[in-house]
Amino acid sequence: MVSIRSFQNLMHRLYFHRDSERGTEGTYQWLREEVDELGEALTEANMEALAGEFADVAAWLASLANLLKLDLEDALLQKYGNECPKCHSLPCNCPFTTRKS
Ligand SMILES: [Zn+2]
């Protein structure tokens, strides 16, 4: 089992030198492109391609966090550690909406 922190550290070892050169704005643009590719992969019935796109999104998210010296695992646990951050229930008991408001 790979923790989120160890995955982020791996991305740091693999790509930080390149991410630093690109900067936060350029890295964010790459993340956006990968999210778009994930959206496109959702329309296909190819689980292998879909898994690859999920991995790319996670990798670019980790790269962006590395540039900002933000610990993703801490951020995730702080916000979503053991309950919904809005209604404080597990499972979430918020009114259902289909779109982000
Ligand atoms: Zn909720």
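What covers the buried residues of α2? In this predicted model, the cover includes helices α1 and α3. Let's walk through the structure with α2 as our starting point.

Helix α2 runs over residues 47–67. With 21 residues at 1.5 Å a residue, α2 should span 30 Å, and its end C-alpha atoms are indeed 30 Å apart, so the two values agree. Look next at how the helix begins: N46 caps the N-terminal end, placing a side-chain oxygen 3.1 Å from the backbone nitrogen of E48. After the helix comes K69, which has a positive phi, near 55°.

Many residues of α2 are buried, among them L50, V57, W60 and the run S63, L64, A65, N66 and L67. It helps to recall that an α-helix has 3.6 residues a turn, so residues three or four places apart point the same way.

Let's zoom in on S63, which sits in helix α2. Its relative accessibility is 3%, and because the cut-off for buried is under 20%, S63 counts as buried. The side chain of S63 makes a polar contact of 2.7 Å with the side chain of D19. Leaving aside residues up to four places away in sequence, S63 touches Y15, D19 and T27.

Now turn to the two covering helices. Helix α1 (residues 4–41) packs against helix α3 (residues 72–80) at an angle of about 150°, with axes 8 Å apart. That angle makes α1 roughly antiparallel to α3. Where they meet, I4, R5 and Q8 of α1 touch L72, E73, D74 and L76 of α3. This contact is a mixture of three nonpolar, one polar and three charged residues.

Terms used:
Residues numbered from 1 in each chain as written. Predicted model: local features only at pLDDT ≥ 70, side-chain atom pairs only at ≥ 80, totals over all residues. Heavy atoms only, no water. Axes fitted to C-alpha atoms, helices over the stretch in contact; angles between N-to-C directions. Helix = DSSP H or I, 4+ residues; strand = E, 2+ residues; numbered from the N terminus. Parallel < 35°, antiparallel > 145°, perpendicular 65-115°, else oblique. Contact = heavy atoms within 4.5 Å. Nonpolar A, V, L, I, M, F, W, Y, C, P; charged D, E, K, R; others polar. Expected span 1.5 Å × (residues − 1). Buried < 20%, exposed > 50% of the residue type's maximum accessible area, 1.4 Å probe, protein only. Polar contact = N/O pair within 3.5 Å; in protein donor to acceptor, adjacent residues only side chain to side chain.
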